[in-house]
Amino acid sequence: MIRSTFALPTLIALLSVVGLVSALTGDGVRDVLSWIALAVPVVAVGWAMRAQRR
């Protein structure tokens with residue numbers, strides 16, 4: 001139960017950290033990686049807000 005509850009927030013947190021570190025350490029491909037990794041939490045919040053309205 002605990003594993004399934006915290007799995008998705010942990011994954012989002014790890015992606016955010018990867019995106020932030022990637023953005024701070026390089027250009028080019030790392031910028032693309034950072035944009036993708038940092039977009040995941042924004043998309044998750046949008047999805048949650050949309051699901052809550054239904």
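Select S22 to begin: this residue lies in helix α1. The model is a predicted one. S22 has a relative accessibility of 5%, under the 20% limit, and therefore counts as buried. Now display the side chain of S22 together with the backbone of R30; the S22 side chain comes to 2.6 Å from the backbone oxygen of R30. Once neighbours within four places in sequence are set aside, the contacts of S22 are R30, L33 and S34.

Stay on helix α1 and move to S16, which is also part of that helix. Is S16 buried or exposed? Its relative accessibility is 18%, so S16 counts as buried. With residues up to four places away in sequence left out, S16 touches L38 and P41.

Next, pick L8, in helix α1, which covers residues 2-25. L8 counts as exposed because its relative accessibility is 52%, and the cut-off for that label is over 50%. Add A44 to the selection and draw a C-alpha to C-alpha distance: L8 and A44 are 9.9 Å apart in space, with their positions 36 residues apart in sequence.

Now select residues 29-53, which form helix α2. This helix has 25 residues, and the distance from its first C-alpha to its last is 37 Å, close to the 36 Å expected at 1.5 Å a residue. Where does α2 bend? Centre the view on V40: the helix bends there by about 25°, and a proline, P41, follows within four residues. P41 has already appeared on this tour, as one of the residues that S16 touches.

Narrow the selection to residues 33-49. An unreviewed UniProt entry places the feature "transmembrane region" on this stretch. In the model, residues 33-49 are 100% helix and 0% strand, and the C-alpha atoms at the two ends are 25 Å apart.

Finally, zoom out to the whole chain. How many helices and strands does the protein chain have? There are two helices and zero strands. Orient the view along the principal axes, and the C-alpha atoms fill a box of roughly 40 × 25 × 10 Å. The radius of gyration is 13 Å, whereas a compact globule of 54 residues would have a value near 10 Å. Colour the chain by relative accessibility as a last step: buried residues make up 11% of the 54 residues. Among the buried residues are S22 and S16.

Methods
Residues are numbered from 1 along each chain as its sequence is written. This is a predicted model: local features need pLDDT of at least 70, side-chain atom pairs count only at pLDDT 80 or more; totals for chains, interfaces and linings use all residues. Side-chain values use heavy atoms; hydrogens and water are left out. Buried means under 20% relative accessible area, exposed over 50%, partly exposed in between (1.4 Å probe, protein chains only). UniProt positions are given in the numbering used here, feature names are shortened, and annotations may be inferred rather than shown by experiment. A polar contact is a pair of N or O atoms within 3.5 Å; within protein, one must be able to donate a hydrogen and the other to accept it, and residues adjacent in sequence count only if both atoms are side-chain atoms. Contact means heavy atoms within 4.5 Å. The expected span of a helix is 1.5 Å times one less than its number of residues. The bend at a residue is the angle between axes fitted to the seven residues ending there and the seven starting there. The radius of gyration is taken over C-alpha atoms; the globule rule is 2.2 Å times the number of residues to the power 0.38.
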